There are 2 protein chains.
Amino acid sequence: MSAGKLSVVGLGPGDARFLTPEAQAALDRAEWLYGYAPYLDRIEVRSEQRKIPSDNRVEAERAYEALAAVVEGRRVAMVSGGDPGVFAMAAAVCEQVERGPEAFRTLELEIVPGISAMLAAAAACGAPLGHDFCVISLSDNLKPWTLIERRLDAAAEVGFAMAFYNPISKARPWQLDSAFSRLRERLPAATPVVFARAVGRVDQRLRVSSLHEASGEWADMATLVIVGSPATRVIERPGRPPLVYTPRRA
Amino acid sequence: MSAGKLSVVGLGPGDARFLTPEAQAALDRAEWLYGYAPYLDRIEVRSEQRKIPSDNRVEAERAYEALAAVVEGRRVAMVSGGDPGVFAMAAAVCEQVERGPEAFRTLELEIVPGISAMLAAAAACGAPLGHDFCVISLSDNLKPWTLIERRLDAAAEVGFAMAFYNPISKARPWQLDSAFSRLRERLPAATPVVFARAVGRVDQRLRVSSLHEASGEWADMATLVIVGSPATRVIERPGRPPLVYTPRRA
């Protein structure tokens with residue numbers, strides 16, 4: 001029974017080029033692999049390993065099941081896109097460790113970091129998160145929209161660049177445009193805005209715009225949105241895409 | 001001459017276990033490798049590759065030299081600890097691309113992301129950055145301390161967890177304690193504080209404390225400090241170190 005262990009593993013933004021050796025080793029050691037189905041699809045496993053896919057929005061149940069399997073002695077990997085610690089499975093697992101049976105608090109748990117979407121998106125366009133910044137989920141499923149508004153206002157007022165996770169979905173179609181509208185009252189119209197879709201995958205798409213022009217129509221569930229600070233700059237380059245960066249004196 | 005290329009490469013937090021295949025490939029392709037000496041020391045190179053180490057605080061000069069070498073046709077890697085986009089070399093390179101000669105804006109530039117210290121530190125203790133958070137450099141070398149204070153106040157008021165880079169140094173001995181004092185006026189005394197030193201290295205050391213007790217003496221230049229939000233929780237575990245996490249409803 002004591003062999004059980006849970007590894008919460010960050011796969012990075014997409015392609016295996018961004019999977020660390022530490023994460024690969026954790027996947028290799030696992031008997032059972034839990035995760036949101038599209039993330040599990042990215043992984044090649046040996047015939048004796050078992051994938052247990054689940055839908056999104058069932059993070060709590062998935063975490064509980066994985067922990068219960070560890071208590072039964074299994075070596076389990078819980079996979080997460082990007083980094084498991086940023087709006088992903090590590091917090092969901094910790095919640096179940098806290099709420100669940102005592103055995104959940106004695107088992108072996110490791111969290112293996114990964115390249116988060118914001119880092120991959122920033123690298124793809126320059127260094128927009130090169131100085132003080134904040135990271136906000138625009139989903140109001142688990143917190144009130146008014147709290148998100150207060151965070152947007154505060155970030156604009158003190159000059160944080162911003163990375164938005166969960167900017168839009170079919171069930172949340174208006175939040176991103178509402179955020180842009182609110183920021184337009186507090187930030188210069190020329191503030192750079194980056195839409196980075198499917199970064200680190202073959203269908204990666206990057207769009208550099210301004211707060212004045214930015215539209216929620218340019219984002220979907222696979223998009224990471226970065227809004228610059230008033231200090232963020234765009235460098236036009238002949239024959240190459242523009243570079244976006246926030247200077248170190250910001 | 002057209003073969004020149006600059007890759008700004010994130011090495012991750014320390015051990016090669018956290019170096020991505022993409023970053024390793026970029027290092028392998030380089031003829032000349034620039035960087036802060038301790039980061040270059042981590043890398044094994046082939047006999048025909050050349051390391052060009054420099055001191056810290058000379059980021060602008062290092063970036064300029066590397067770009068100039070690319071203009072001369074060299075394949076160059078600029079290495080950065082952690083992620084190059086977070087308080088590291090990517091912004092310094094972009095600054096020189098903008099300010100330097102026209103040739104700097106036509107050359108080939110790629111930025112390869114890495115596991116940043118905050119992600120490694122968070123993974124080592126749970127998921128303290130599991131919901132909205134901000135990332136602040138406590139160095140007032142390049143910005144006024146009053147601006148840092150405004151950012152700390154705003155972050156506390158709207159409930160961001162916080163990751164502090166550059167928390168302390170011999171030349172900046174009081175800033176971290178000053179930040180803790182300021183936050184004590186705005187956050188609960190029990191707010192979790194994590195000191196993560198040398199994460200991802202063999203001498204990694206982790207200390208979980210509270211805002212009430214936190215002391216700048218527990219940090220040095222190699223420490224990443226995380227201050228929770230009012231929602232951040234500590235889970236005590238029998239026989240294991242505590243877990244720190246910020247719930248998804250925060």
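This report describes a predicted model of two chains, A and B, beginning with the contact between them and ending with selected helices and strands.

## The interface between the chains

The contact draws 69 residues from chain B and 69 residues from chain A, and the area buried between the two chains is about 6,300 Å², with carbon and sulfur atoms giving 61% of it. Within the area that chain B buries against chain A, Leu142(B), Arg151(B) and Arg248(B) supply 12%, more than any other three residues.

Polar and charged pairs also cross this interface: the rule finds twelve salt bridges between chain B and chain A, and 30 residue pairs are in polar contact, counting those in which both residues have pLDDT of 80 or more. On the side of chain B that touches chain A, helix α4 of chain B, residues 89-99, gives the most, with seven residues. That side of chain B divides into 38 nonpolar, eleven polar and 20 charged residues. A salt bridge is formed by Lys143(A) with Asp132(B), whose closest N and O atoms are 2.4 Å apart.

## A strand pairing across the chains

Strand β7 of chain A, residues 133-137, pairs with strand β7 of chain B, residues 133-137, in the antiparallel sense and over three bridges. In this pairing Val135(A) stands opposite Phe133(B) in β7(B).

## The surroundings of Ser137(A)

Ser137(A) lies in strand β7 of chain A. The residue counts as buried because its relative accessible area is 2%, where the cut-off for a buried residue is under 20%. The side chain of Ser137(A) is joined to that of Asn166(A) by a polar contact of 2.9 Å.

Leaving aside neighbours within four places in sequence, the contacts of Ser137(A) include Phe87(A), Lys143(A), Ile148(A), Tyr165(A) and Asn166(A) from chain A, together with His131(B) and Asp132(B) from chain B. Two of the residues in contact with Ser137(A), namely Lys143(A) and Asp132(B), also form a salt bridge with each other across the interface.

## Strands β6, β12 and β13

In chain A, strand β6 (residues 126-127) pairs with strand β13 (residues 240-245) in the parallel sense over two bridges, and Ala127(A) stands opposite Tyr245(A) in β13(A). Strand β12 of chain A, residues 233-237, pairs with β13(A) in the antiparallel sense over four bridges, and here the bridge partner of Arg233(A) in β13(A) is Tyr245(A). Tyr245(A) is thus a bridge partner both of Ala127(A) and of Arg233(A). The strands β12(A) and β13(A) form a hairpin with two residues between them, and Gly239(A), in the turn, has a positive phi of about 75°.

In chain B, three strands form an open sheet in the order β6-β13-β12, with mixed pairing. The edge strands of this sheet are β6 (126-127) and β12 (233-237) of chain B, each of which pairs on one side only. Two bridges join β6(B) to strand β13 of chain B, residues 240-245, and these two strands run parallel; the bridge partner of Ala127(B) in β13(B) is Tyr245(B).

## Helix α5 in both chains

Helix α5 of chain B, residues 117-125, is largely enclosed by the rest of the structure, because seven of its nine residues are buried. The buried residues in α5(B) are Met118(B), Leu119(B), Ala120(B), Ala121(B), Ala122(B), Ala123(B) and Cys125(B). Just after this helix, Gly126(B) takes a positive phi of about 135°.

Helix α5 of chain A, residues 117-125, is mostly covered, with seven of its nine residues buried. In α5(A) these are Met118(A), Leu119(A), Ala120(A), Ala121(A), Ala122(A), Ala123(A) and Cys125(A), and Gly126(A), just after α5(A), takes a positive phi of about 135°.

## Glu61(B) in helix α3

Glu61(B) lies in helix α3 of chain B, residues 59-71. With a relative accessible area of 45%, Glu61(B) is classed as partly exposed, because that class falls between the buried limit of under 20% and the exposed limit of over 50%. Glu61(B) and Ala92(B) stand 31 residues apart in sequence, while their C-alpha atoms are 9.1 Å apart in space.

Conventions
Residues are numbered from 1 along each chain as its sequence is written. Chains are lettered from A and ligands numbered from 1 in the order in which they are written. This is a predicted model: local features need pLDDT of at least 70, side-chain atom pairs count only at pLDDT 80 or more; totals for chains, interfaces and linings use all residues. Side-chain values use heavy atoms; hydrogens and water are left out. Contact means heavy atoms within 4.5 Å. Buried area is the accessible area (1.4 Å probe) that two parts lose on being put together, summed over both. A salt bridge is a side-chain nitrogen of Lys or Arg within 4 Å of a carboxyl oxygen of Asp or Glu. A polar contact is a pair of N or O atoms within 3.5 Å; within protein, one must be able to donate a hydrogen and the other to accept it, and residues adjacent in sequence count only if both atoms are side-chain atoms. Ala, Val, Leu, Ile, Met, Phe, Trp, Tyr, Cys and Pro count as nonpolar, Asp, Glu, Lys and Arg as charged, and the others, Gly among them, as polar. Two strands pair if DSSP finds at least two bridges between them. Buried means under 20% relative accessible area, exposed over 50%, partly exposed in between (1.4 Å probe, protein chains only).
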